[in-house]
Amino acid sequence: MPDAPKIEFSRRGFLKGAGITAATTVIESANALARDAKDALHSERILGPEALPIKLKVNGHEHAVTVEPRYTLAQTLRDNIGLTGTKVVCDRGSCSACTVWIDKTPTLACMTLAVDAVGREITTIEGLAHGETLHPVQAAFVKHDAMQCGFCTPGMVMSCAALLERNPNPTLADVKHAVSGNLCRCGAYPKIFAATLDAAHQRQAARLVTLTSEMEA
Amino acid sequence: MAPETLQEETKNAAAKPDDSKRTESFVWGIPQNGLERKEREVPADEPPPLPPNAELTYIGKPTLRYDGPAKVSGKGRYTADVNLPGMLYARMVSATIPHGRITSIDTGEAEKLPGVRAVHVIEHVYGVAELRDPKQELPSRYPVVRYAGQPIAGVAAVSQQIADDAAKLVKVQYEPMPFVVDRSDARADDAPVVFPGPADAAGSAGGGGGPKDVPQKGNVHGPQRKKAGDIETGFAKADLIVEGEYFTQVQTHSALETHGFVVDWKPDEVTVYASTQGTSSVRNEFADVFKLPKSQVRVITEYMGGGFGAKFGAGNEGVVAANLSRKAKAPVKLMLDRKQEHIACNRPDSHQKLKIGATKDGTLTAIQLTSYGTAGVGTGAGTAGPAVNLYKCPNLLTEEYDVFINAGPGAAFRAPGHPQGCFAFEQAIDELAVKLNMDPLAFRDKIDENPARKVERQIIRERTNWRNRQPAGSDSGPIKRGMGIAQSVWYRFVNMNSSCEVRVSRDGSVELMSAVQDLGTGTKTILAQVVAEEFGIPPSSIVIRIGDTRFPIGPDSGGSVTAGSITPAVRNAAYQAKQKLFAAVAPKLNTTADNLAIRGGRVVLKNDVATSYTLKQVAAKLPTDEISARATRVAEYSKDRLTYGGVDYVELRVDTETGRIHVDKVFAAHDCGRPINPLGVISQINGGVLQGISYALFEQRIMDRNAGYMLNTNLENYKILGAREVPEIEVELIENYIAQSSTDAAGVGESAGIITLAAAIGNAFYNATGVRMRKIPMTPANVLTALGKVPEVQA
C-alpha cells in the first residue's frame, strides 16, 4: 500500500474496542479478553501493521506462524495452520460457528486476534477426540444424527462439550442456553439437544460405574 | 430444473418403446390402509421388486450418517476448506449504488498492492433477467448496475486480507439512475424502470425463473395464467365466499457456507471445487461460459455447507474465480462474504389476493388467485402451486405477476413459491372451514383426494391435542393458546441424468461412485444402504465416493429429486454387479449363477441352503481383480402424476400484550415414497419445520427505500430462529409405496415443513385470538398491528 497513510496500530486501543464487542456476545470470551486487556495496559508495545512471527499452542502442539496483528485467530487457524475444522460463517461474532476453547473457555475465534492467543492453550474441534476415540459429545452427535450439512457442527460440539465441562448434569434449558449463540440453518437443534443430554447421561453413568467398581475393590 | 422441464423429460423417457419388458407385481399403497399389489411392466433387466421396508435388512432402517464421524471431528473438507499449494485468495467487488451506468473502473491501485496477483472485471452478470431486445438499452462497456451489491470485479492475492484490501482499492465511477426497491412502489405507472423493456430470467437447475413470452408493462412482468372451467360460474354456485389479501416477505437462503469456488485453471483441465447442489450444473455452465469441452472440466464437491436452492451452476463468483485463476496461473479460492451471500439470491416476496367459493356441504366451486411478487432483478415469484395442486376444484383462475425492483435476484428456495402460496391458501381454506362450521381436518377430508394426507390427518387427530381444541379466541387472559394445521403438496420429479458405478474387488470390498453430491441431506448414507441391501453387508462397510464429475453423472439436487432419481440407478448397478460376481464365481463353486443368492448376509446356494459363504469368500474366487457395473436411471414404471405432502400441526401461545408468538409444539406427519433412512428423513423434516417457523416469525430482508440498499446483510439483524425458539417437534413418517422404480424412494426436502409452517402458525394464531394474520413475518410489531393495538409501521 505505497500511498496509504501509515496506521499506528495500538494493541491497547484495539483491545478496549474488542472487549466491548465480545462482552455483548459471549461473556466467557469477554472475560478472557478483559484479562488480556489488563495485561496490555501495563505494556506500551505497539505491534504491526507488519506481519510478525508468533507461536500458537493448538491442541497441544506449538505452531510458528507469521501473521499481521489484524489476523483473527479463526483466519490464522484455517489459512496459516491448516486447521479448517473451525468454520467462519458470519465473521462478526453472531453465529458461534468459529467457537474454539482458549484455556478451556469457549471463545469466538473470529473475534479474537491471533496475537492475543499467544501463550494460551487453544483447543479446536480437531483436538477434542482422543486419537480415534471420539469425545462423548462427538459420539452422541453421530448417534443422534445431530447435524445435516455439518457446517455449524464443529462450533456446536465445542459449545456443548464446554457445557458438560462446567455442568455435568445439564437440563434441556441449560443446553438451549449453551448453544443460544450457535446458529444452525439446517435445523438440527432438536437432535443437538438430545445428543448433549445423552452425552451427559452417558458420562454420569460411566462415572457411577467407576465409583461402584472403586467401592467394590 | 424447472418442474415442467423435468416432468417433460420423464414423460419422454417413459414414452420410449422398449420391447424387452416383463410384468412384475409390486407392493403398493400405505401400510395404515393395508398394502396392496400393483402389476407393472418393467424392463427385462430390472432387479426384482423390493418387498416393504419391514421385510428388508438395511433399507428403511434408521442408519447412522455415513460421514457423521468426519463432520463432528472437523475433518469434512468443504469448498471453503480447500487449501491447494500456491493457492490465492480472492474477493468480489460489488456495486455500491442500486441503479446506474458504470463510467469507469480503475483497477490500477489494486493491482499495485503488494501481494495482488490478478484482477478481473466482469463482462456479463449471470443469474439475472436480461432484456429480450438488448438494443433497448444504450451500449455500455460494463454491465448496467441494477442492484446494490451487483458483482463488478474480483481480485486475487496471496492472502485473504490482502485480497480484501485490494477489493477496496478498485475505483468505480457511476452515472446513477433513478431506482425503486419496494414492490408496491415499483408497480406505479411513474416508477423508475429497472429494465427499459421486457426482460426474462432463466431458472437454475434447481428451479426458479419465471415465465417467458408474457406481457410486461413498466416493472410488471406477466401474468402467467392457469385456468380451468369458469370462475364466474363457480362463484355464482357458491353459498359461501372467502376473500383476503396476504403479504409475505423476502427471505434469504443464509446457508452457513457462503457460495464459493476454488478454481485451478490448467491448460489441459480446469478443476473446480464448488459449494454446489449440482456438480453437473457447474460443469455444464463452466463448459458453456468458457467454451471448453466438458471433458476438460472437473467439478468436485466433497462436503457442502447448505444450499436450500441457492447454489447451482457457475454463478458470477465461479466465473470470476476461473478468470482470476487463468490470469494468475494459480488456483484461486473465492468465497462470497456474508453480506454478498444475503444479496446473491432470495425467496421472492408476495402480495396475494385470494378468493375461494364453496357450497354449504363443503364442496369447492371456484378458486381465484392474483399474485404480485418481486424477485428483484429476476423473475419467478409465482405462488399458485398450492392453489392449483392441493385440492380439486372445477373452476380456477390464477394470475401471477413478477415485479422488478432494484434488488438482488430471486432464486429457487426450498419449494419455490409454495410457502408463500400455502400461507394464503391454507389460511383461506381454514377460514372457509370456520364459515362452514366444520372442523378444519374434517373439511380437508372432504376436499382432499390424496390418500397419504388422509392417513396423516388421522394420525394428527389421534396423536395430538387436537380434540381439546377450543373455539377461536376462547382464552380470556392476555396469553392466548391456539392450535392449527396446514397441508403441503410437492411433486415427483425425476432427473434422468442419474448414473453410478458399483465396483467389487477380489478382497470383497465394495465401492459406489457417482457425481451426485450430498448437501447434508444424507445422500451418501442412503446410497450405502441401497448397495448394502443387495450385497447383504452393513452400509458402513460400503465405500461411497460421490461429488466428483470424474464419476458417472449425477442429478442436480433441486426440487427434491435426488433420492428418487439416483437410488434406482444405484440399486440396479449393485444388482448387476452382484449378478456379474455370481456369474464369474459360479463355476468355482460348482454351481450356476442363478443358483446363487444373498440371504441373511451370506451367499447361499438356493438348492442347498446349508452351504453358504461370506461375500469375501465368494469375491476371492473372482478370476479378475475386480468386476463392476454401471447403471443409469430407468424411466418411471408408469406415467401416473404423483405428489407428496404432509400435514403439520402447531400448538402455540400468543402474548397479546407484547405481540410475541411462542410455538410450543409441532407434529409433522409426512410421506415421501419408500423412506430409505428414517433417521435422515426426520432430520430433514425437523429442519423444514424450523426453517418454516423462522420464515413465519423472524426472517425478513429490509431495504432502505431512500438509499436502495439491503440494510440487514448479516446474521444478527437478519434474524434466524435459534436454539431458544425451538419447539418440541414430533415427526411421523408414513410409507407410501408407489411402484415407480426399483427403490420407490422419493425426496422430502421441499415438502418437509417449510411449505406449511407459516400457514399452520397463521391458523393457530386465529384459533388463539380470533384474528387472522395476513402478513409475515409475524413480528411483535406486525402482531400488535393485527390485534389493533398499534398502527402499522412500514419496514
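This tour moves through a predicted model, from chain A to its interface with chain B and then to one residue of chain B.

**First stop: chain A.** Select chain A and colour it by secondary structure. The chain contains 7 helices and 5 strands. Followed along the sequence, these elements come in the order α-α-β-β-α-β-β-β-α-α-α-α. Next, colour the chain by burial: 54% of its 217 residues count as buried. Contacts between parts of the sequence that are 24 or more positions apart may also be displayed. Among the contacts in chain A with a separation of 6 or more, such pairs account for 60%.

**Second stop: the interface.** Now show chain B together with chain A. Here 48 residues of chain B are in contact with 47 residues of chain A. On the chain B side, select α2 (68–72), α4 (160–169) and α17 (678–697), the elements that each give two or more residues to this surface. Which element provides the largest share of the side of chain B that touches chain A? That element is α17(B), with 8 residues. Colouring this side by residue class shows 18 nonpolar, 20 polar and 10 charged residues.

**Third stop: Ala205(B).** Select Ala205 in chain B, in the loop that joins β9 (199–200) to β10 (216–217). Is Ala205(B) buried or exposed? Ala205(B) is buried, because 28 other C-beta atoms lie within 10 Å, and 20 or more are enough for a residue to count as buried. Finally, add Pro555(B) to the selection and draw a line between the two C-alpha atoms. Ala205(B) and Pro555(B) are separated by 350 residues in sequence, yet their C-alpha atoms are 9.6 Å apart in space.

Technical notes: Residues are numbered from 1 along each chain as its sequence is written. Chains are lettered from A and ligands numbered from 1 in the order in which they are written. This is a predicted model: local features need pLDDT of at least 70, side-chain atom pairs count only at pLDDT 80 or more; totals for chains, interfaces and linings use all residues. Helices (H or I, at least four residues) and strands (E, at least two) are DSSP runs, numbered from the N terminus. A residue is buried if 20 or more other C-beta atoms lie within 10 Å of its own, exposed if 12 or fewer, and partly exposed in between; C-beta atoms are placed from the backbone. Two residues are in contact if their C-beta atoms, placed from the backbone, lie within 7 Å. Ala, Val, Leu, Ile, Met, Phe, Trp, Tyr, Cys and Pro count as nonpolar, Asp, Glu, Lys and Arg as charged, and the others, Gly among them, as polar.
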